[in-house]
Each structure stands twice: as C-alpha cells, then as structure tokens.
Amino acid sequence: FELELDIREVIFALLQKWYLIALSGFLVAVLTFCVSKFMIPEKFESKTSIYILNQNEEDITYSDLQLGSTLTKDYEVLVKSRTVLEDVIKKLKLNVSYDDLENMVSVSVPESTRIVEITVKTTDPTLSKEIADEIREIASTTIAEVMNVDAVNVVEKANLPEKKCSPSVGKNTVLGGFIGVFMACAVILLVVMFNDTIRTQDD
C-alpha cells in the first residue's frame with residue numbers, strides 16, 4: 001500500500017474547507033476562553049528573598065559565589081522542609097496540608113549569588129504575602145541553624161500582589177484558537193491522504 005500526497009491537492013482541500021477550519025478555531029478559542037475565565041481559579045504571586053553569608057568571611061571570592069550556587073538544592077529542601085512548612089501552617093492557622101502548601105511554594109537562587117528567592121502562589125493575594133513572609137522568617141532560622149551560618153538577612157519582604165499571575169486568559173484563548181485550526185487542518189489532511197476514491201482518468 002503506497003500513500004501519495006499531492007501538495008496542490010492538500011492546499012486545494014484546505015482552501016475548500018476554510019470555513020470549517022475557521023469555525024474549529026473559533027469554537028476551541030471560545031471554549032478555552034470560558035475555561036480560563038470561569039473555571040480556572042485566579043492565582044496571585046508574592047515573592048520574598050533572603051541573603052545568606054557567613055559573617056566570618058572577610059572577602060567574598062568567585063569560588064564562594066559558585067559554592068552558593070551549588071547549594072540551590074539544599075536551600076530549596078530546607079525552605080520546603082516539613083519542619084518549616086508545618087510550622088507555617090500552625091502559626092498562620094492554615095486549613096491546608098503540608099503537600100498542598102509545598103505545591104504553592106517555589107524556591108530559586110539567581111546564578112552566582114547567595115540570594116534565595118521564595119515565591120508563593122495562592123488564590124488570595126493577602127494570603128500569598130502572609131505565607132511568603134512567614135516562610136522567610138522560619139526558614140531563615142532553620143537555614144542558620146542547619147547550615148551553621150552567622151546570619152540570614154532579609155533582602156526583600158513579600159509584596160502584596162495587585163494583579164493575578166495566572167491564568168492568562170488572552171494567551172490561552174489565542175493558543176486555543178491555534179489548536180482548533182491545527183486540529184481541523186490535521187483532520188482534512190488525513191481525509192485527503194486516505195481518500196482512495198477514483199476521480200480522474202489518472203487515478
């Protein structure tokens with residue numbers, strides 16, 4: 001069984017069915033818009049950061065900064081440890097589990113720095129800020145004790161987010177439209193490829 005594909009035939013078929021392609025793109029875009037606007041909860045992001053440095057070190061060398069970068073995973077594990085997050089839940093009287101809170105928190109360390117950025121995403125902007133600040137305070141103490149550093153300084157306190165960080169309704173709608181168009185084109189292409197009807201003398 002040989003499958004021959006005539007590009008001109010494919011283009012002609014797509015042009016013939018342009019209204020179906022447009023309709024598919026429109027319907028999927030509308031569906032994506034409705035899901036993003038009315039079904040996906042809005043989330044707000046608050047970020048805080050700390051600076052970790054042993055005060056006994058008089059000079060900071062490049063190797064020191066490299067070492068700080070390699071400790072990214074250590075910082076993440078400590079910040080998101082059960083001890084820290086369960087203490088946060090207890091102090092803020094949150095009605096969430098450890099796993100739920102862990103999924104709300106992300107930790108990053110910018111390259112060649114000892115700055116630890118803690119980001120919290122929730123459906124409430126005020127709650128995001130409160131959790132981020134509390135995690136920073138408790139994690140700072142934990143890091144100082146566990147990693148034996150002299151001080152963990154606050155670089156930035158958590159901000160109160162004014163705008164949602166997700167979902168992006170416009171972006172999702174446009175993406176949905178492209179997906180709808182692609183799906184329609186794919187179906188038309190398959191129909192053309194597997195159409196074995198004899199239509200011309202050459203066929």
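Biologist: So buried means under 20% relative accessible area, exposed over 50%, and partly exposed in between (1.4 Å probe, protein chains only). Where does tryptophan 18 land, buried or exposed?

Modeller: Tryptophan 18 is exposed, at a relative accessible area of 57%. Keep in mind that this is a predicted model, where local features need pLDDT of at least 70, side-chain atom pairs count only at pLDDT 80 or more, and totals for chains, interfaces and linings use all residues. Residues are numbered from 1 along each chain as its sequence is written, and side-chain values use heavy atoms, with hydrogens and water left out.

Biologist: Which residues share a nonpolar surface patch with Trp18?

Modeller: Tyr19, Leu20, Leu23, Phe26, Leu27 and Val30, with about 720 Å² of accessible area for the whole patch, Trp18 included. Those areas come from the Shrake-Rupley method with a 1.4 Å probe, and for residues only the protein chains shown count as cover. Patch members need over 30% relative accessible area and no salt bridge; nonpolar side chains (Val, Leu, Ile, Met, Phe, Trp, Tyr) are joined within 5 Å, like charges within 9 Å.

Biologist: And which helix holds tyrosine 19?

Modeller: Helix H2, residues 18–39. Helices (H or I, at least four residues) and strands (E, at least two) are DSSP runs numbered from the N terminus. Tyrosine 19 is partly exposed, at 41%.

Biologist: How many aromatic pairs are there?

Modeller: Two. Rings of Phe, Tyr and Trp (its six-membered ring) pair if their centres lie within 6.5 Å; planes under 30 degrees apart are stacked, over 60 edge-to-face, the rest tilted. Tryptophan 18 and tyrosine 19 have ring centres 6.1 Å apart and planes at 90 degrees, so that pair is edge-to-face. Phenylalanine 33 and phenylalanine 38 are edge-to-face too, at 6.4 Å centre to centre and 90 degrees between the planes.

Biologist: New topic: why is strand E1 largely enclosed?

Modeller: E1 covers residues 44–53, and seven of its ten residues are buried, so the rest of the structure largely encloses it.

Biologist: Which strands does E1 pair with?

Modeller: Strands pair if DSSP finds at least two bridges between them. Eight bridges join E1 to E3 (residues 115–122), antiparallel, with threonine 48 opposite isoleucine 118. Five more connect E1 to E4 (residues 151–156), also antiparallel, and there isoleucine 52 has valine 152 as its bridge partner.

Biologist: How many salt bridges does the structure hold?

Modeller: Six, counting a side-chain nitrogen of Lys or Arg within 4 Å of a carboxyl oxygen of Asp or Glu. Glutamate 45 pairs with lysine 121, closest N and O atoms 3.8 Å apart. That one links distant parts of the chain, E1 to E3, 76 residues apart.

Biologist: What about arginine 136, buried or exposed?

Modeller: Buried, at 4%. Arginine 136 meets aspartate 133 at 2.5 Å, N to O; both sit in helix H7 (residues 125–146), three residues apart, about one turn of the helix. Glutamate 137 also bridges to arginine 136, at 2.7 Å. Salt bridges with shared partners tie Lys129, Asp133, Arg136 and Glu137 into one network.

Biologist: Last one: how many disulfides turn up?

Modeller: Zero across the whole structure, taking a disulfide as a pair of cysteine sulfur atoms within 2.5 Å. As for cysteines, cysteine 34 is partly exposed at 32%, and cysteine 185 is partly exposed at 23%.
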